[in-house]
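Thanks for asking me to look through this one with you. Below are some numbered notes to read with the structure open beside you.

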Amino acid sequence: MLEKMEELNHEDVIKEFNSLTKDAERVQVETLRRILEENGNAEYLNSFGLNGRTDLASFKACVPLSTHKDLEPYIQRIADGDASPVLTGKPITAISLSSGTTQGKPKFLPFNDELVKSTMQIFRTSYAFRNREFPLKNGKALQFIYGSKQFKTAGGLPASTATTNVYRCSQFKNTMKSMQSQCCSPDEVIFGPSFDQSLYCHLLCGLIYREEIQVVSSTFAHSIIHAFRTFEQIWEELCTDIEEGVLSSRVTSQSVRNAMSRILKPDPELADLIRKKCKGLNDWCGTIPVIFPNVKYVYGILTGSMEPYLKKLRHYAGTLPLVCADYGSSEGWIGANVNPKLLPESATFAVLPDIGYFEFIPLRENPEDQKPEKTAATLLYSELEPVGLTEVKVGEEYEIILTSFAGLYRYRLGDVVKVMGFYNSTPKLQFVCRRSLILTVNIDKNTEKDLQLSVEAASKLLVNESIEVVDFTSHVDMSSEPGHYVIFWELNGEAKEDVIAECCNCLDRSFIDAGYVGSRKSNAIGPLELRIVMKGTFQKILQHYLNHGAAFSQFKTPRFVGLSNGGVLNILTDNVVKSYFSTAFS
Ligand code: AMP
């Protein structure tokens, strides 16, 4: 009903959310029933003897927890053209590619209209809450969004990233219009064949419509940073285009040029104004509000692996609020940000109880797991039986299990979340990290979050040097005995040798996990190595992923690069300018 409305009635949306969350338990049971009813004939479910039953007890008794690996053969059959009810009652009509950051190659996932519906529902919900705090007038959004290439699977299904699948559908445009968040760039720019050309045109459109821009956004914060770093390099060229009304020859795609020619007209006055504003900026601090004077907030996923970019984002955003976007994945949506005023560091996501059936595996630090024979997957936590959405406890950490309308049943998403409180009876989750361990040599266990904290602590030592860590990743080097952690840093300038050496020691000391500290002291793990890579190395990594079919909109820098991700490891290794070994434990 809401989809057809031009103007979104915020209070109605909030009322709808309130009524859904008042009795989240009942809504969950009902949602599971609907999922199982719609997909009662799915081969996957029947292989476990569910035989059309739709109650929670039978579901949990029959259907086991699953991972992408378990579902891969089923998804592959669908991609290869099997139109029988494999995972879902109705045939799957498209395939989504997840960003595949960790494995180095995208995963195939089923995509259908239900995912579009829940995407719109979550967008509307968080927007309604956002608009209460930061009301928008009629205007436009400078959205750094990029459709990725679409291709056909062997069975003829269109395959693309989940974000592209969403951007392409008409509901997306209607919803954005009703949210006064219509992208200022034409579709040809969003779906342009070259990412660099699209970015150039997004910036150009933003400048042309600068007075109307009310929101600057992207899916992940990384894209906003990338866009403004690029702006620092090319603002003069953009101004020349505006002055002359002629698009730079760097944009070669004819469809993009045609679309831009409808927007770009000679405007020397605007060009002059932007030049003055750019020249008046000190180190590009506050670029966003200076160049786009009517922006109300900067919006995107700013949590989890995006947190390291917050400092730079604040630099560009000045005093503008940074508002966190919702929490979801290519597999399905999970929660909406209904407290938009919270800082990104403490943002939470209220689970929508009717978009899927959610279970939570309680995760406890396990003293038992100090035994070295445990595998990486089970090393970190002890596992208890999954609990339901309304059974989670405040302050506890859980791994999320998703049952969706798109053919995923008791699917382990691999994310760790912490329950921070409740909105009515649905939990508000904070994203903690990906579940998988990234750094482990023997009994040590460090996650992406541990790495992030360690980098955060060490990079503070660079502040006096006015140097920043542009990006970072890690690796475990087992090629010599004992194995050791390797951290790769790209810096935006040259820091003094002794400062970097101290950063290296600080990194080593900041991994406070008992297994690590103990192993370092006994030299069962060698000194941590900090490898400084050339400027632009992470740009090459991004390009590597784009060349292999990843979408910029969903790109997340891999925070760990294993031997299986040889392409990226080679880029890193080839670009090392200097390496330092910690002396923290000597
Ligand atoms: P993708 O594989 O590209 O679909 O990315 C999905 C993953 O991105 C999730 O499983 C999370 O790990 C991460 N993610 C998505 N939304 C958020 C968020 N709001 N905060 C932190 N991490 C997120």
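How far from a nitrogen atom of the ligand does a backbone N or O atom of Gly-328 lie? The first point gives the distance, and the others move on from there.

1. Please keep in mind that this is a predicted model. In it, a backbone N or O atom of Gly-328 lies 3.4 Å from a nitrogen atom of the ligand. A polar backbone atom of Asp-326 is 3.0 Å from a nitrogen atom of the ligand. Side chains take part too: an N or O atom in the side chain of Arg-434 is 3.0 Å from an oxygen atom of the ligand. On its own the ligand has 500 Å² of accessible area, and the protein covers 92% of it.

2. Now step back to the whole shell. There are 17 residues around the ligand, and those that come nearest are Thr-303, Gly-328, Ser-330, Asp-415 and Gln-554. Sorted by class, the shell has eight polar, five nonpolar and four charged residues. Two strands, E9 (327-329) and E17 (426-434), each supply at least two residues of this shell. Strand E9 gives the most, with three residues.

3. Next, find helix H5, which spans residues 68-79. Its buried residues are His-68, Leu-71, Tyr-74, Ile-75, Ile-78 and Ala-79. Seen down the axis of H5, these buried residues fall within an arc of 145°, so they line one face of the helix. There is a general reason to look for such a pattern: an α-helix has 3.6 residues a turn, so residues three or four places apart point the same way.

4. What lies over that face of H5? The cover on its buried residues includes helix H3 (43-46) and three strands: E1 (94-97), E2 (108-111) and E16 (411-423). After H5 comes Gly-81, which has a positive phi, near 110°.

5. Last, a single residue to practise on: Thr-119, in helix H6 (residues 113-133). Is Thr-119 buried or exposed? Its relative accessibility is 3%, and buried means under 20%, so Thr-119 counts as buried. The side chain of Thr-119 reaches the backbone oxygen of Leu-115 at 2.5 Å. Leaving aside residues up to four places away in sequence, Thr-119 touches Val-166 and Trp-333. Try selecting Thr-119 together with Val-166 and Trp-333 to see these contacts for yourself.

Definitions and conventions: Residues are numbered from 1 along each chain as its sequence is written. This is a predicted model: local features need pLDDT of at least 70, side-chain atom pairs count only at pLDDT 80 or more; totals for chains, interfaces and linings use all residues. Side-chain values use heavy atoms; hydrogens and water are left out. Buried means under 20% relative accessible area, exposed over 50%, partly exposed in between (1.4 Å probe, protein chains only). Helices (H or I, at least four residues) and strands (E, at least two) are DSSP runs, numbered from the N terminus. The arc is that of the directions from the helix axis to the C-beta atoms. Contact means heavy atoms within 4.5 Å. A residue is near a molecule or strand if one of its heavy atoms lies within 4 Å of it. A polar contact is a pair of N or O atoms within 3.5 Å; within protein, one must be able to donate a hydrogen and the other to accept it, and residues adjacent in sequence count only if both atoms are side-chain atoms. Accessible areas come from the Shrake-Rupley method with a 1.4 Å probe; for residues, only the protein chains shown count as cover. Ala, Val, Leu, Ile, Met, Phe, Trp, Tyr, Cys and Pro count as nonpolar, Asp, Glu, Lys and Arg as charged, and the others, Gly among them, as polar.
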